[in-house]
Amino acid sequence: SRMTIVAVGTPSVIDQIRHQLSRLVPVHNVIDLTEMGEHVERDLALVKIAGSKDDLKKANDIASKYGATIMDETTESYVFQYVEDPEKVDEFLEEITPCGMKNISRTGAAALSRGKDQI
C-alpha cells in the first residue's frame with residue numbers, strides 16, 4: 001500500500017520528516033514528489049447538505065459551478081462528490097458550508113509523478 005503525506009516546511013524540516021519516516025518499520029521507500037518534478041495531486045470530498053429548499057438549490061448551484069457530482073439526492077438532502085486539487089476542494093467546502101453542511105468525508109491528498117517514471 002502507499003501512504004501520501006503532505007507537509008509544508010523549509011527544506012531542513014522536509015528533510016527531517018523524510019529521515020523520520022525512513023526509520024519507521026516497515027517503510028521501504030520515502031519519495032519527495034516535489035523533487036521529482038511535476039506531479040498530479042487530487043483530493044476527494046463527500047459532502048452531505050441538508051436544509052431548506054432554498055439552501056439545497058443554492059448548494060446545487062455551487063456544486064454545478066465547481067463540477068461536483070450528486071451521489072445521493074432526497075427532497076431534504078444532497079450528497080456531493082468533489083475531486084480536485086486540495087486547494088480547490090478547500091474553496092468548494094468554504095463556499096458550500098453555509099448551505100447546511102451536515103457531514104464531510106475527505107480523503108486527503110493522493111499524488112503520483114507525471115510522465116513514464118514510476119515511484
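## Aromatic pairs and salt bridges

The count comes to 4 aromatic pairs, where rings of Phe, Tyr and Trp (its six-membered ring) pair if their centres lie within 6.5 Å, with planes under 30 degrees apart counted as stacked, over 60 as edge-to-face and the rest as tilted. This is a predicted model, in which local features need pLDDT of at least 70, side-chain atom pairs count only at pLDDT 80 or more, and totals for chains, interfaces and linings use all residues. Residues are numbered from 1 along each chain as its sequence is written, and side-chain values use heavy atoms, leaving out hydrogens and water.

**The aromatic cluster**

Tyrosine 66 and tyrosine 82 pair edge-to-face, at 5.8 Å centre to centre and 85° between the planes. Tyrosine 66 sits in helix H3 (residues 53-66) and tyrosine 82 in strand E3 (residues 77-84), so the pair ties together parts 16 residues apart in sequence. Helices (H or I, at least four residues) and strands (E, at least two) are DSSP runs, numbered from the N terminus.

Tyrosine 66 also pairs edge-to-face with phenylalanine 92, at 5.4 Å centre to centre and 65° between the planes. That contact links helix H3 to helix H4 (residues 86-96), 26 residues apart. Tyr66, Tyr82 and Phe92 form one aromatic cluster.

How buried is the cluster? Tyrosine 66 and tyrosine 82 are both buried; buried means under 20% relative accessible area, exposed over 50%, partly exposed in between (1.4 Å probe, protein chains only). Tyrosine 66 has 16% relative accessibility. Phenylalanine 92 is buried at 0%.

**The salt bridges**

The structure holds 7 salt bridges, each a side-chain nitrogen of Lys or Arg within 4 Å of a carboxyl oxygen of Asp or Glu. Among them are these:

| Acid | Base | N to O distance |
|---|---|---|
| Aspartate 85 | Arginine 42 | 2.5 Å |
| Aspartate 43 | Arginine 106 | 2.7 Å |
| Aspartate 61 | Lysine 57 | 3.2 Å |

Aspartate 85 lies in the loop between E3 and H4, and arginine 42 in strand E1 (residues 39-50), so their pair ties together parts 43 residues apart in sequence. Aspartate 85 is partly exposed at 28%. Arginine 42 is partly exposed at 35%.

Aspartate 43 is in strand E1 and arginine 106 in strand E4 (residues 101-106), so this bridge ties together parts 63 residues apart in sequence. Aspartate 43 is buried at 3% relative accessibility, whereas arginine 106 is partly exposed at 33%.

Aspartate 61 and lysine 57 both lie in helix H3, 4 residues apart, about one turn of the helix. Aspartate 61 is partly exposed at 42%; lysine 57 is exposed at 53%. Salt bridges with shared partners join Arg42, Glu84 and Asp85 into one network.
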